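Trainee: I would like a close look at one part of this model. Please take me through it slowly, and then set it in its surroundings.

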Amino acid sequence: MKKRLSYFIIFPIIPAVVIAGAVLFSEKMYAWISLCVVFLSCIPFFLAFEKRETSVRRLVLIAAMTALSVIGRIIFTPLPGFKPVTAFVVLTAMYFGPQAGFMTGALSAVISNFYFGQGPWTPFQMFSWGIIGFIAGLLSGQLKKNKVILCIYAVFSGVMYSMLMDIWTVLWADGYFNISRYLMAVVSAVQFTIIYAVSNVVFLLLFSKPIGKMLDRIKEKYNL
Amino acid sequence: MKNYNPFVLMFYFLAVVIISAFSENPVLQISALLGGILFCAIVTKSSETAGNIGFYVPMFFIIAVTNPLFSHNGATPLFFLNGNPVTLEAFVYGGAIAVMAIGVMLWCKCYSEIMTTDKFLYIFGKTVPKLSLVLSMALKFIPMYKQQTRRVSRAQKAMGLYSSKSVTDKIRSHARVFMAMVSWSLENSIETSSSMKARGYGLKGRTNFALFKFGADDLILLAVIVILLGVTVFGIITGETRFYYYPRISTLKFSAAYIAFGFFSLLPFIIEAKEAIKWRYYVSKI
């Protein structure tokens with residue numbers, strides 16, 4: 001019931017922010033309105049997590065997976081774009097469900113930005129990685145069974161991440177959503193999109209078997 | 001600035017960023033940018049200054065110059081490019097966006113320097129306890145895992161596993177260390193949680209400890225912030241600071257909000273400068 005309540009509170013708030021933003025400020029404030037919307041859309045996930053997650057073990061495991069993905073991002077700093085973060089997020093989601101996937105993704109963004117610098121891009125990264133984890137959690141059955149689907153999802157999540165972050169680039173540079181600049185940003189970021197997709201496939205293929213085995217074992221051993 | 005109560009600091013940072021982001025007034029945005037530059041100059045190390053200038057100045061021009069290429073609004077065309085007008089208004093608007101964008105980025109940089117993770121957790125620990133628990137544990141795990149990685153690789157070296165010079169062997173050893181790390185971290189997290197449970201995590205009536213207090217200094221700073229913010233917001237609400245770029249650039253009217261926000265964005269610099277002068281004075285007396 002309380003979970004439902006949080007959704008009911010949040011869903012009117014998002015359109016309210018959009019409308020208030022359009023009425024109070026000129027439409028050039030899209031960047032900031034979208035930032036608020038992105039941030040607000042993370043909140044129901046956080047609230048649901050606060051309400052639902054009762055097992056201390058799962059809490060600490062999520063923290064451990066988040067720390068591993070942040071370390072992965074730090075280790076691979078010299079290779080721009082080539083990061084194992086998405087792989088860890090997807091793996092967590094596959095074995096601990098969509099909620100845990102979202103949290104690992106969103107928190108990885110916040111924490112790694114303590115090292116790489118916080119900024120207006122943080123909410124966008126939180127949302128992008130979070131939603132990648134959430135969807136992976138929903139598809140966990142297929143992703144575990146079939147390597148091909150896993151690869152397709154890895155590519156998809158790389159492309160999705162890149163395109164979501166390009167929205168931020170355009171909003172930040174123009175102050176409003178300029179479709180021609182967005183298309184140009186998508187095209188000019190194509191090598192990054194490819195790097196994201198390739199790194200996701202590489203890391204997921206490398207990790208899914210050994211780490212999946214460990215996670216399975218832990219789940220069985222401690223009855224999570 | 002670092003020693004103030006985190007709630008006061010958070011309120012201040014949010015207020016500066018929100019006002020400079022949502023107002024389209026160039027005076028407010030420029031004073032936020034200036035305040036950001038001065039604050040950043042104080043909180044960041046002097047060795048980083050050159051790198052920062054090298055990053056933010058080109059960024060400024062990239063944002064400012066590309067806007068007129070994509071936006072063809074505005075009433076005063078300067079010249080035509082591929083049949084599209086490049087207008088004066090779009091140029092000025094690009095500059096204004098760049099001032100706003102760089103200003104906010106600098107304030108975020110100062111935020112990262114001042115609002116360390118312990119302050120962040122102090123603010124959110126009470127409203128979202130589980131979330132901030134996960135956050136603080138993950139933050140603690142990162143240095144711990146680094147240490148453990150070193151330990152594992154030393155043990156492997158001692159067993160003679162790292163000695164080969166070939167690249168494939170090296171990659172293999174790194175992978176082995178990494179996998180050992182992952183399984184260790186998972187087991188370790190289970191152990192940690194059992195220990196937490198045994199010590200009564202999640203039971204009722206437990207309190208938190210924090211080093212932060214709300215003292216007289218914080219009250220004074222908060223009062224100054226609220227007064228200056230009040231004058232600024234009043235100016236914004238009454239429309240004194242209204243400003244348009246399209247279709248024609250509007251003219252500026254004087255408003256008390258400009259003076260208030262000027263002081264508001266310079267507050268950290270004033271506080272830090274006052275501290276520095278005090279310090280010099282005490283040193284000179286010794």
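**A buried serine and the contacts around it**

Mentor: Start with Ser255(B). Beyond its neighbours within four places in sequence, Ser255(B) is in contact with Gly235(B), Glu240(B) and Thr241(B). Keep in mind that this is a predicted model. Ser255(B) sits in the loop between helix 8 (216–237) and helix 9 (256–285) of chain B. Is Ser255(B) buried or exposed? Its relative accessibility is 1%, so Ser255(B) counts as buried. The cut-off for buried is under 20% relative accessible area. The side chain of Ser255(B) also has a polar partner: it reaches the backbone nitrogen of Ala257(B) at 3.0 Å.

Stay in chain B and turn to its hairpin. Strand 1 (residues 77–81) and strand 2 (residues 84–87) of chain B pair in the antiparallel sense. Four bridges hold the count for this pairing. Pro77(B) stands opposite Thr87(B) in strand 2 of chain B. Leu81(B) faces Asn84(B), again in strand 2 of chain B. Two residues lie between the strands of this hairpin. Asn82(B) takes a positive phi there, near 50°.

Now the charged pairs. Over all chains, the structure holds three salt bridges. Take Glu187(B) and Arg217(A). Glu187(B) lies in helix 7 (residues 167–198) of chain B and Arg217(A) in helix 9 of chain A, so this pair joins two chains. Their closest N and O atoms are 3.2 Å apart. Arg217(A) has 47% relative accessibility, and so counts as partly exposed.

Glu187(B) has another partner. Glu187(B) forms a salt bridge with Lys221(A), with the closest N and O atoms 3.4 Å apart. This pair, too, crosses between chains, from helix 7 of chain B to helix 9 of chain A. Lys221(A) is partly exposed, at a relative accessible area of 46%. Put the pieces together: Arg217(A), Lys221(A) and Glu187(B) are linked in a network of salt bridges.

Lys45(B) and Glu48(B) form a salt bridge as well, with the closest N and O atoms 3.8 Å apart. Lys45(B) counts as exposed, at 56% relative accessibility. Glu48(B) is partly exposed, with a relative accessible area of 30%.

Back to the interface. How many salt bridges are there between chain A and chain B? The count is two. Five residue pairs are in polar contact across this interface, with both residues at pLDDT 80 or more. On the side of chain A that touches chain B, the elements giving two or more residues are helix 2 (30–52), helix 3 (56–75), helix 4 (85–116), helix 7 (147–174), helix 8 (179–188) and helix 9 (190–222) of chain A. Helix 3 of chain A gives the largest share, 14 residues. By type, the residues on this side of chain A divide into 38 nonpolar, seven polar and nine charged.

Next, the extent of the interface. The size of an interface is often given as the accessible area lost when the parts come together. Chain A and chain B bury about 4,800 Å² between them. Carbon and sulfur atoms carry 77% of that area. In residues, 54 of chain A are in contact with 49 of chain B.

Finish with chain A itself. Its secondary structure comes to nine helices and zero strands. From the N terminus on, its elements run α-α-α-α-α-α-α-α-α. Chain A has 224 residues, and buried residues make up 57% of them. Look at contacts in chain A between residues at least 6 apart in sequence: 74% of these join residues at least 24 apart.

To recap the part you asked about: Ser255(B) is buried. Its side chain reaches the backbone nitrogen of Ala257(B). Its contacts farther along the sequence include Gly235(B) and Thr241(B).

Definitions and conventions
Residues numbered from 1 in each chain as written. Chains lettered and ligands numbered in written order. Predicted model: local features only at pLDDT ≥ 70, side-chain atom pairs only at ≥ 80, totals over all residues. Heavy atoms only, no water. Contact = heavy atoms within 4.5 Å. Buried area = accessible area lost by both parts, 1.4 Å probe. Salt bridge = Lys/Arg side-chain N within 4 Å of Asp/Glu carboxyl O. Polar contact = N/O pair within 3.5 Å; in protein donor to acceptor, adjacent residues only side chain to side chain. Nonpolar A, V, L, I, M, F, W, Y, C, P; charged D, E, K, R; others polar. Pairing = 2+ DSSP bridges. Buried < 20%, exposed > 50% of the residue type's maximum accessible area, 1.4 Å probe, protein only.
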